[in-house]
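Biologist: I am new to this structure and would like to go through it step by step. Could you show it to me before we begin?

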Amino acid sequence: TAAAWKRAIESDGPTAIVARISTALEQLDGTQHLNGNHVVTLHCDEAEHSCYYHAQHIRRGLPGGEYFLAGGELHDRLRRTTDGWRFVSRRLSSGWSDGNPAVLGR
């Protein structure tokens, strides 16, 4: 059954963002993420980005189910550097989920 699963995860800086994503995904047997309705607002050398996400995760052999689905919003802050645009922060706001949260190690 779908559950209201409100959760916000903040990550500051590219290293923290990559570490958060890597830690979440490395334990999975499969995953698919779909993003849509992207909105970008530019402020000179800074930008804000937001979009909706729908994520499916699979981890084989878990008691209680092998699948976990979730959806919500991503909110990013970016900065233009001499090397191009770089992430400053990312906030993932989960709105709903279905399945076994243990798939993600929860």
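Modeller: What follows is a set of questions and answers on strands, core, salt bridges and surface.

Modeller: This is a predicted model, in which local features need pLDDT of at least 70 and side-chain atom pairs count only at pLDDT 80 or more, while totals for chains, interfaces and linings use all residues. Residues are numbered from 1 along each chain as its sequence is written, and side-chain values use heavy atoms, with hydrogens and water left out.

Biologist: In which sense do strand 4 and strand 5 pair, and over how many bridges?

Modeller: Strands are DSSP runs of E with at least two residues, numbered from the N terminus, and two of them pair if DSSP finds at least two bridges between them. A hairpin through two residues joins strand 4 to strand 5. Their pairing is antiparallel, over 14 bridges.

Biologist: Which elements give two or more residues to the largest nonpolar core?

Modeller: A nonpolar core is a set of buried Ala, Val, Leu, Ile, Met, Phe, Trp, Tyr and Cys residues joined through side-chain atoms within 4.5 Å, where buried means under 20% relative accessible area, exposed over 50%, and partly exposed in between, with a 1.4 Å probe and protein chains only. The largest one has nine residues, including Leu28, Tyr53, Phe68 and Leu104. The elements that give two or more residues to this core are strand 3 and strand 4.

Biologist: Are arginine 90 and aspartate 76, which meet in a salt bridge, buried or exposed?

Modeller: A salt bridge is a side-chain nitrogen of Lys or Arg within 4 Å of a carboxyl oxygen of Asp or Glu, and for arginine 90 and aspartate 76 the N to O value is 2.6 Å. Arginine 90 lies in strand 5 and aspartate 76 in strand 4, so the pair ties together parts that are 14 residues apart in sequence. In strand 5, arginine 90 is also the bridge partner of aspartate 76. Both residues are buried.

Biologist: How far apart in the chain are glutamate 46 and arginine 79?

Modeller: The side chains of glutamate 46 and arginine 79 meet in a salt bridge at 3.0 Å, N to O. The pair links distant parts of the chain, with glutamate 46 in strand 3 and arginine 79 in strand 4, and they are 33 residues apart.

Biologist: Why does tryptophan 85 count as partly exposed?

Modeller: Tryptophan 85 has its place in strand 5, which spans residues 84-99. Tryptophan 85 counts as partly exposed because its relative accessibility is 33%.

Technical notes. Helices (H or I, at least four residues) and strands (E, at least two) are DSSP runs, numbered from the N terminus.
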